Structures are given as structure tokens and as C-alpha cells.
Amino acid sequence: MLEIALIASIKVIIVIVVVLTGCAWSTWLERKVLGRLQHRIGPSFAGPYGLLQPVADGLKLMFKEDIVPASVEKTMWTIAPIISFIPALLPFAVVPFGIDSTLFGHEVKFVISDLNIGVLFVFAVTSLGVYGIVLAGWSSGSKYSLLGGIRSSAQMISYEIGYGLSIIGVVLVANTLSLREIVEMQGSDSIWFFSNWMIWQQPLGFLLFVTCAFAETNRCPFDMPECESELVAGYHTEYSSMRFAMFFVGEYANMLGVASVAATLFFGGWQGPFLDTAPWLAVVWFVAKVFVFMLGYIWLRATFPRFRYDQLMAFGWKVLLPLALLNAMVTSLLVTLGWL
Amino acid sequence: MTLDLVIFLISSVVAVFGATMMITQRNPIASVLFMILSLLAQAVLYIQLGALFMGAVLVIVYAGAILVLFLFVIMLLNLRGHESLGQPSPPISLTIKYALAVLFVLELIMVVKSSFSSDLFADAGSPGVMVMQTDTFGAANDVAVLLFQRYLYPFELTSILLLVAVVGAVILAHRSRDDDGPVDAASSGESEGKAAE
């Protein structure tokens with residue numbers, strides 16, 4: 001009992017540290033890659049290649065004055081960043097990131113909690129993140145914040161449906177809600193190690209998932225809640241110092257979470273070549289896939305202009321939702337006929 | 001005290017606390033937040049019963065979707081809870097209200113008491129008694145069998161009923177635009193339409 005609790009706590013601490021560190025250097029990656037894509041150098045002063053920039057940013061945010069505007073509803077304004085931050089960390093509790101193996105004489109599962117409804121857990125906790133944004137917008141007592149919060153809640157309600165429907169196909173094909181089993185069934189011993197990845201069976205499902213995920217994480221081209229040209233900084237206009245940092249880190253943790261789930265559901269999670277000889281490569285494959293997704297996030301931000309708000313809502317309800325329904329219906333038909 | 005009992009006590013107290021605060025708050029936004037708190041605690045109770053699926057669905061459907069919609073509408077109408085509640089009720093109506101409330105609480109106590117005193121597995125038919133029939137109680141497969149096989153037609157009929165309700169709400173909200181209806185009805189209808197978008 002004590003051993004299990006100890007191993008679980010160690011895993012939780014390691015995962016949280018890795019995720020938060022990942023968030024910090026994702027900001028560096030974003031600024032650097034975005035800079036290069038726009039013919040700039042990006043951060044280059046703090047450390048080699050600007051690698052210490054996240055440390056400098058963190059220190060700056062920590063020592064900034066914590067300004068509480070007079071117009072805010074204090075209680076809700078205080079808990080909003082926390083509500084936005086915590087759900088962003090929770091999906092990592094069920095994402096498997098390596099092969100179960102024996103370390104230092106202990107059986108270690110490379111997942112914090114192997115829930116048999118892992119997929120649902122991820123969707124349940126990520127759907128709570130919107131409250132932080134809505135409350136921040138409402139309690140700030142500023143019109144930019146309020147508009148940002150209202151936009152965000154409307155956007156998230158709309159895209160949540162497509163988001164949920166897009167993975168129905170994966171669940172139908174895999175016939176399980178457990179992330180571990182979904183990863184295991186995507187393995188392949190042949191030289192074409194990627195032949196069993198879910199994306200080949202659910203290409204439309206993957207496209208829908210990624211599109212809705214971008215909207216859910218408020219990233220470009222769906223970053224309407226922030227939309228600095230119209231709304232200053234949207235829902236976090238009135239926040240400063242560490243309160244702002246919580247929103248900021250929460251956004252990157254959300255991106256990492258979506259990237260991990262996408263890699264797990266559609267790209268075989270930790271599956272990859274040479275796992276027979278070196279099981280530790282599983283973690284490397286997983287991190288590599290998440291990294292590619294993060295690059296995709298940044299690349300798309302540099303490529304696409306922002307949607308207009310009515311276009312965004314129309315796109316969600318009139319294009320994504322019918323396509324997601326179609327995908328679910330066709331997949332269930334094919335599964336019933338035994339073709340998938 | 002086992003860990004199970006501690007978790008049960010904490011989450012049930014939080015659930016009841018959230019529900020109580022929900023109906024006593026003047027600020028509608030605070031009400032919604034306490035309802036979410038209560039729902040999350042209820043989800044924990046489901047999970048403790050082994051019904052992981054039910055717990056997750058409770059969070060996804062209620063906390064993740066429906067209450068976001070509530071919050072959205074409240075924000076759009078900008079209800080801040082400063083409105084007065086109108087004239088205080090006359091003494092006769094107050095007396096009736098309190099009498100009914102006391103009656104209801106007494107009934108509640110009797111139902112709960114009868115479910116505690118009876119043998120759980122002997123009389124499963126009596127009110128207030130829930131019997132866990134299988135180990136997979138509330139699992140995705142069991143719920144699916146109930147919804148899509150055993151109660152397929154009632155379930156589908158319910159969805160049509162909800163659809164009728166939605167269409168009815170849209171028609172009611174739109175009619176006031178063509179007529180010279182009261183102004184506030186027209187504006188609230190418009191905001192409902194926006195929420196539905």
C-alpha cells in the first residue's frame with residue numbers, strides 16, 4: 001500500500017515538473033520558431049540561442065507588482081486563474097507515456113492512473129477549463145474582458161460538441177475507452193511501424209479533432225477570446241504578474257495536453273520502432289510526437305489569419321458538426337459491417 | 001476510519017454544502033458556481049460506487065456543457081443579483097409555505113430512515129433503496145445496454161420530446177418580434193437565440 005502510494009506520488013511529481021518545464025520552454029520554442037518564420041531571430045540575448053528566456057520571463061513575472069483593479073469582484077477574480085490552470089494539468093494523469101517496466105526492482109506503470117474510461121476523463125476535465133476564462137472575463141469589470149469571456153464561452157460550447165464527436169470514431173474502432181488499450185492496439189512489429197496508427201482509419205476524425213482542439217485551446221486561427229487588435233488581451237486584460245502567468249502557463253499546458261492526447265489517439269502514443277531492444281525509446285517516441293504537434297501549433301499560428309467571429313461560429317456549427325456526425329455514422333456503419 | 005469513508009464524508013458534505021449555497025446565493029453567477037461544486041462532489045460519489053462512466057458523464061454533460069450555457073446566458077443578460085425580490089409575502093401565504101416545507105422535510109426523513117432500517121437486499125422494491133446488482137454497475141457497457149437495447153424506444157422518444165421543447169422555445173421567442181409584444185420579452189428572446197447559436 002505504502003509502496004503503491006509512494007510510486008504514484010513520485011510519478012505525479014515527475015509528470016508535473018516535466019509538464020511545467022515543457023510549458024516554459026514551449027514559450028521559448030514558440031517565440032523562436034515564430035521569429036524565424038517571420039524572418040526575425042527571436043529571443044537571443046538570455047543564454048545561448050535565448051534558451052534562458054523562459055527563466056528570465058518567469059523571474060520578471062514573479063517580481064512584478066500584483067495589481068488588483070478597483071472594479072473587480074475579488075473572490076471570483078482570484079479563483080479564475082486557478083480554475084483555468086488546474087484542469088489543464090489533469091489530462092496528464094491518464095495519458096500513457098511509456099511501456100510498463102521494472103525500475104529499481106519495482107513494477108512501474110508508465111501512466112499515473114490507468115483508467116478504463118481514460119478518454120472520457122480527458123474530455124471531462126478539459127471541459128472545465130472554460131470556467132476560468134468565463135469567470136475572469138465576467139469578474140474583471142472591464143468591457144474588453146467581458147467580451148473576451150463571452151466570446152470564449154460561446155466558442156467553447158460550440159466546438160466542444162465537434163471535439164467530443166470527432167473521437168467517437170476512434171472509440172468505435174478501438175472498442176475501448178482506455179487510453180492504454182488504444183495505444184497498445186496501434187503497435188506493429190513490421191518494418192512499417194506506423195501501419196496500425198489510428199490516423200489511417202480515422203483521417204477525417206483526426207482533422208476534425210485537431211481543428212476543434214485548436215478552438216478549444218484558444219489558439220490561432222481561433223484565438224478570438226484574446227484577439228488583441230479588438231479586445232486588448234481579452235479575458236486576462238486586467239491580470240498582472242503571477243495571476244497572468246497562471247493563465248499563460250495554463251494555455252501552454254492545454255496545448256501540451258491536446259498534443260499528448262492527439263499523439264495517443266491517432267499516432268500510436270509511445271509506439272515506435274526498436275522497442276524490443278530498447279524499451280526506454282517509448283518515452284522518446286512519445287515526446288517526439290508531442291514535439292511535432294507543438295511545432296504544428298506554432299507553424300499554423302504563423303500561417304493563418306484569425307477568423308472573423310461570425311465565420312468562426314458558422315464554421316463550427318455548419319461545417320465541423322455535420323462532418324463529425326457523418327464521420328461517427330460512417331465509422332459505426334463500417335464497424336458494424338466488420339470492415340474496420 | 002478508512003480512506004473510503006473519509007472521501008465519502010468529504011464529498012457528500014461538499015455536495016450538500018454546494019446545493020445549499022446554490023439556492024441561498026443572491027448572485028446568480030455564484031449560484032452556478034456552487035452548483036458546479038455540488039456536481040463535482042456528486043461525480044466523486046459516483047466514482048466511489050465504481051460507476052466511473054456515470055461520474056465522467058455527469059461532469060462532461062452538466063458541468064462541461066449545460067452549466068457553461070447557464071453562465072453564458074447569465075453573463076449575456078448581465079444579471080448581477082441586485083434586483084429586489086418585490087413585496088414580501090402576506091402572512092397567510094408565508095405560513096402555508098413554511099408548513100409545506102416542514103412536511104417535505106419530515107417526508108424526506110421518513111424515506112431516508114426506511115431505507116436505512118430495511119435490509120438492503122431483502123426488499124429492493126421499497127422506495128429510497130438502491131441495490132447494486134453487478135460489479136460493473138454504471139460501467140459504459142451496462143449503461144449502453146440499458147439505453148440502446150432495453151429502453152431504446154423510451155430513450156429515443158425522450159430525445160424527440162426535447163427536440164419539440166427546443167422548437168417550441170424558438171417559436172415562442174420569435175413570435176414576439178412580429179407582434180408588438182412587450183419589449184423585454186423581445187430582448188430576452190433575442191438573447192436566447194444568441195445562446196442557441
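1. A helix is here a DSSP run of H or I that is at least four residues long, and helices are numbered from the N terminus. With that convention, H5 of chain A, to which points 4 and 5 return, covers residues 129-139. The model under review is a predicted one, and what follows should be read accordingly.

2. Chain A holds 14 helices and two strands. Its radius of gyration is 21 Å, close to the 20 Å that the globule rule gives for 340 residues, so chain A is as compact as a globular protein of that length. The C-alpha trace of chain A spans about 60 × 50 × 45 Å along its principal axes. Of its 340 residues, 46% count as buried, and 77% of the contacts in chain A with a separation of 6 or more are made by residues 24 or more positions apart.

3. Chain B has seven helices and zero strands, so that its elements, read from the N terminus on, follow the order α-α-α-α-α-α-α. Of the 197 residues in chain B, 14% count as buried. When contacts in chain B between residues at least 6 apart in sequence are considered, 47% of them join residues at least 24 apart.

4. Where the two chains meet, 17 residues of chain B are in contact with 21 residues of chain A. Helix H3 of chain B (residues 52-77) supplies the largest share of the side of chain B that touches chain A, namely 14 residues. By class, that side of chain B consists of 15 nonpolar residues, one polar residue and one charged residue. On the chain A side, helix H5 deserves a look, given that H3 of chain B is among the elements covering its buried residues.

5. How many of the residues of helix H5 (residues 129-139) of chain A are buried? Eleven of its eleven residues are, and the helix is described as mostly covered. Among these buried residues are A:Tyr131, A:Ile133, A:Leu135 and A:Trp138, as well as the glycines A:Gly129, A:Gly132 and A:Gly137. What covers them includes, from chain A, helix H3 (74-89), helix H4 (118-126), helix H6 (143-166) and helix H12 (241-266), together with helix H2 (28-48) and H3 of chain B, and a reader inspecting H5(A) should therefore keep both chains in view.

6. A backbone detail belongs with the same helix: H5(A) is followed by A:Gly141, whose phi is positive, near 70°.

Methods: Residues numbered from 1 in each chain as written. Chains lettered and ligands numbered in written order. Predicted model: local features only at pLDDT ≥ 70, side-chain atom pairs only at ≥ 80, totals over all residues. Buried ≥ 20, exposed ≤ 12 C-beta atoms within 10 Å, placed from the backbone. Contact = placed C-beta atoms within 7 Å. Rg over C-alpha atoms; globule rule 2.2 N^0.38 Å. Nonpolar A, V, L, I, M, F, W, Y, C, P; charged D, E, K, R; others polar.
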